[in-house]
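Student: Could we go through this model together, one question at a time?

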Amino acid sequence: MIKAKEIYQSLIRPKLSIRKRFVLSKEDTVILFNYLEFVQSSIIMAFTAVECLANDLLPDNFVYVEKRKGEEDKSYERKDIERWISTIDKLALVIPQALNI
């Protein structure tokens, strides 16, 4: 993320402050794509860290029961939760139930 900040400060911010349409040189285009790669990597790493934390917070013997409208309830053991339940559902539904919060 440090490299992304450096690129933003040296290339993007000065061009944005002009508030006019601008053209990037080939070198600037390469630098801009590097910036996008750095930002994407940072986002992926942050998301992965959050998901790992959610998985780590699950008690070993915990079973999550998903209530389904008009269908049978589905039970998930820890390994199934880690694999099949979305991160947002783990954070919003599973973890509070598992930790009684």
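The questions below move from the overall fold to the cores, the salt bridges and the surface.

Student: In what order do the elements of the protein chain run from the N terminus on?

Tutor: This is a predicted model. The protein chain has four helices and two strands. From the N terminus on, the order is α-α-β-β-α-α.

Student: What radius of gyration does the protein chain have?

Tutor: Start with the box: the C-alpha atoms fill roughly 60 × 30 × 25 Å along the principal axes. A compact globule of 101 residues would have a radius of gyration near 13 Å. The protein chain instead has 22 Å.

Student: What percentage of the residues of the protein chain count as buried?

Tutor: The protein chain exposes about 8,100 Å². Carbon and sulfur atoms supply 58% of that area. Of the 101 residues, the share that counts as buried is 21%.

Student: Which element gives the most to the largest nonpolar core?

Tutor: In soluble globular proteins, nonpolar side chains tend to be buried together. Here the largest nonpolar core has nine residues: Leu58, Phe62, Tyr64, Tyr76, Ile81, Ile85, Val94, Ile95 and Ala98. The element that gives the most to this core, with three residues, is α4.

Student: Which residues is Ala98 in contact with, leaving aside its neighbours within four places in sequence?

Tutor: Ala98 belongs to the largest nonpolar core, as do Leu58 and Phe62. With neighbours within four places left aside, the contacts of Ala98 are Leu58, Pro59 and Phe62.

Student: How many residues are in the other core, the one that includes Ala4 and Tyr35?

Tutor: That core lies apart from the largest one. Among its members are Ala4, Ile7, Leu11 and Tyr35. Its residue count is five.

Student: How far apart in sequence are the parts tied together by Asp28 and Lys15?

Tutor: Asp28 forms a salt bridge with Lys15, with the closest N and O atoms 3.8 Å apart. Asp28 lies in helix α2 (residues 26–57) and Lys15 in helix α1 (residues 2–18), so the pair ties together parts separated by 13 residues in sequence.

Student: Is Asp28 buried or exposed?

Tutor: The cut-off for buried is under 20% relative accessible area. Asp28 has 18%, so Asp28 is buried.

Student: Which helices are tied together by Lys90 and Glu51?

Tutor: Lys90 forms a salt bridge with Glu51, and the closest N and O atoms are 3.3 Å apart. The two parts are 39 residues apart in sequence. Lys90 lies in one helix and Glu51 in another, so the pair ties together α4 and α2.

Student: What relative accessible area does Lys90 have, and why does Glu51 count as partly exposed?

Tutor: Partly exposed falls between under 20% and over 50%. Glu51 counts as partly exposed because its relative accessibility is 24%. Lys90 is buried, with a relative accessible area of 0%.

Student: Which residues are joined into one network by salt bridges that share partners?

Tutor: The side chains of Arg78 and Asp60 meet in a salt bridge at 3.0 Å, N to O. Arg78 is in helix α3 (residues 78–84), while Asp60 is in the loop between α2 and β1 (63–66). Arg78 counts as buried at 18% relative accessibility, whereas Asp60 counts as exposed at 66%. Salt bridges with shared partners make one network of Asp60, Arg78 and Glu82.

Student: What separates the C-alpha atoms of Asn55 and Glu82?

Tutor: Asn55 lies in helix α2 and counts as buried at 14% relative accessibility. Not counting residues up to four places away in sequence, Asn55 touches Arg78, Glu82 and Lys90. Asn55 and Glu82 are 27 residues apart along the chain, and their C-alpha atoms are separated by 5.9 Å.

Student: What phi does Asn100 have?

Tutor: Most residues other than glycine have a negative phi. Asn100 is found in the segment after α4 and is exposed, with a relative accessible area of 71%. Although Asn100 is not a glycine, its phi is positive, about 55 degrees.

Student: How much accessible area do Leu53, Leu57, Leu99 and Ile101 have together?

Tutor: Ile101 is found in the segment after α4 (87–99). Ile101 counts as exposed at 73% relative accessibility. With Leu53, Leu57 and Leu99, Ile101 forms a nonpolar patch on the surface, whose accessible area together is about 400 Å².

Definitions and conventions: Residues are numbered from 1 along each chain as its sequence is written. This is a predicted model: local features need pLDDT of at least 70, side-chain atom pairs count only at pLDDT 80 or more; totals for chains, interfaces and linings use all residues. Side-chain values use heavy atoms; hydrogens and water are left out. Patches are made of residues with over 30% relative accessible area and no salt bridge: like charges are joined within 9 Å, nonpolar side chains (Val, Leu, Ile, Met, Phe, Trp, Tyr) within 5 Å. Accessible areas come from the Shrake-Rupley method with a 1.4 Å probe; for residues, only the protein chains shown count as cover. A salt bridge is a side-chain nitrogen of Lys or Arg within 4 Å of a carboxyl oxygen of Asp or Glu. Buried means under 20% relative accessible area, exposed over 50%, partly exposed in between (1.4 Å probe, protein chains only). A nonpolar core is a set of buried Ala, Val, Leu, Ile, Met, Phe, Trp, Tyr and Cys residues joined through side-chain atoms within 4.5 Å. Contact means heavy atoms within 4.5 Å. The radius of gyration is taken over C-alpha atoms; the globule rule is 2.2 Å times the number of residues to the power 0.38.
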